[in-house]
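Reader: Could you take me through the reading of a metal site and of the polar contacts around a side chain, giving the general idea before the particular case?

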Amino acid sequence: MAGAEDGPGQQPELDEDEAAYCRRWGAQHAGARELAALYSPGKRFQEWCCVILCFSLIAHNLVHLLLLARWEHTPLVMLGVIAGALIADFLSGLVHWGADTWGSVELPIVGKAFIRPFREHHIDPTAITRHDFIETNGDNCLVTLLPLLNMAYKFRTQSPEALEHLYPWECFVFCLTIFGTFTNQIHKWSHTYFGLPRWVTLLQDWHVILPRKHHRIHHVSPHETYFCITTGWLNYPLEKIGFWRRLEDLIQGLTGEKPRADDMKWAQKIK
Ligand SMILES: [Zn+2]
Ligand SMILES: [Zn+2]
């Protein structure tokens with residue numbers, strides 16, 4: 001294996017059509033090459049701005065949270081941290097499912113900027129392991145900017161009494177935004193098989209963050225389950241209740257749109 005999973009040879013129990021489809025996956029796939037070429041300097045600039053702003057706000061808010069910490073908050077803070085991780089996992093699944101299942105790279109603005117990476121990831125799953133820190137995390141930093149800004153604003157404007165009262169809630173929001181910000185980094189680690197720091201593989205083994213084997217379930221064509229990519233805790237229960245399938249049936253019933261039509265179109269490109 002060349003440093004990452006998802007090579008065509010590792011897909012379990014494929015029929016002939018699926019095997020043929022998988023053989024075309026990778027950096028040389030025509031769709032993957034076209035999608036990679038759509039990564040523009042403007043998009044890169046947006047990612048840099050979001051990463052710098054986001055990490056400045058994380059540092060600012062973390063300092064304020066540490067200064068306000070009290071022992072008596074511990075039980076509620078722990079509850080907030082677990083709830084934050086759970087909700088971040090659900091939201092990662094919802095955004096991932098939405099971008100995988102609906103929309104098109106041809107959509108104005110959002111298509112090339114935000115849907116393109118999801119299409120690329122299915123036909124060249126190892127591309128993410130070659131993306132640098134900015135490309136990996138830029139979009140998630142954009143999503144968490146607003147809650148981080150709102151928190152920073154509260155720390156600057158609220159009285160110490162009000163902040164004391166708000167403390168467990170702010171810890172919940174902070175944990176949610178931290179997991180949200182690092183979701184794609186965690187996702188990248190789940191595709192990386194060599195050179196990961198020991199602490200990352202331990203977190204994966206303890207299932208604190210998305211384990212590598214667990215995420216492989218999503219990468220079996222046609223990519224219709226296990227969308228949660230932060231901790232992955234909700235994948236099994238959501239699959240058990242048919243959550244994504246029911247949601248797709250509902251949306252297809254309302255709009256007439258077929259799930260994953262654009263994803264399949266890119267996957268089937270041969271030149
Ligand atoms: Zn996907
Ligand atoms: Zn993946």
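Author: The dialogue below turns to a metal site and then to polar contacts.

Author: This is a predicted model, in which local features need pLDDT of at least 70 and side-chain atom pairs count only at pLDDT 80 or more, while totals for chains, interfaces and linings use all residues. Residues are numbered from 1 along each chain as its sequence is written, ligands are numbered from 1 in the order in which they are written, and side-chain values use heavy atoms, with hydrogens and water left out.

Reader: Which residues coordinate the zinc ion (ligand 2)?

Author: Donors are N, O and S atoms within 2.8 Å of the metal (3.2 Å for Na, K and Ca), and water is not among the atoms, so sites may look incomplete. Here the zinc ion (ligand 2) is coordinated through NE2 of His121, His187, His191, His215 and His219, at 2.0 to 2.1 Å. Their spacing along the chain is H-x65-H-x3-H-x23-H-x3-H.

Reader: Are His191 and His219 buried or exposed?

Author: Buried means under 20% relative accessible area, exposed over 50%, and partly exposed in between (1.4 Å probe, protein chains only). Both His191 and His219 are buried.

Reader: What does the side chain of Asp124 make a polar contact with?

Author: A polar contact is a pair of N or O atoms within 3.5 Å; within protein, one must be able to donate a hydrogen and the other to accept it, and residues adjacent in sequence count only if both atoms are side-chain atoms. The side chain of Asp124, which is buried with a relative accessible area of 4%, makes such a contact with the side chain of Arg130 at 3.0 Å. The side chains of Arg130 and Thr126 are also joined by a polar contact, of 3.2 Å.
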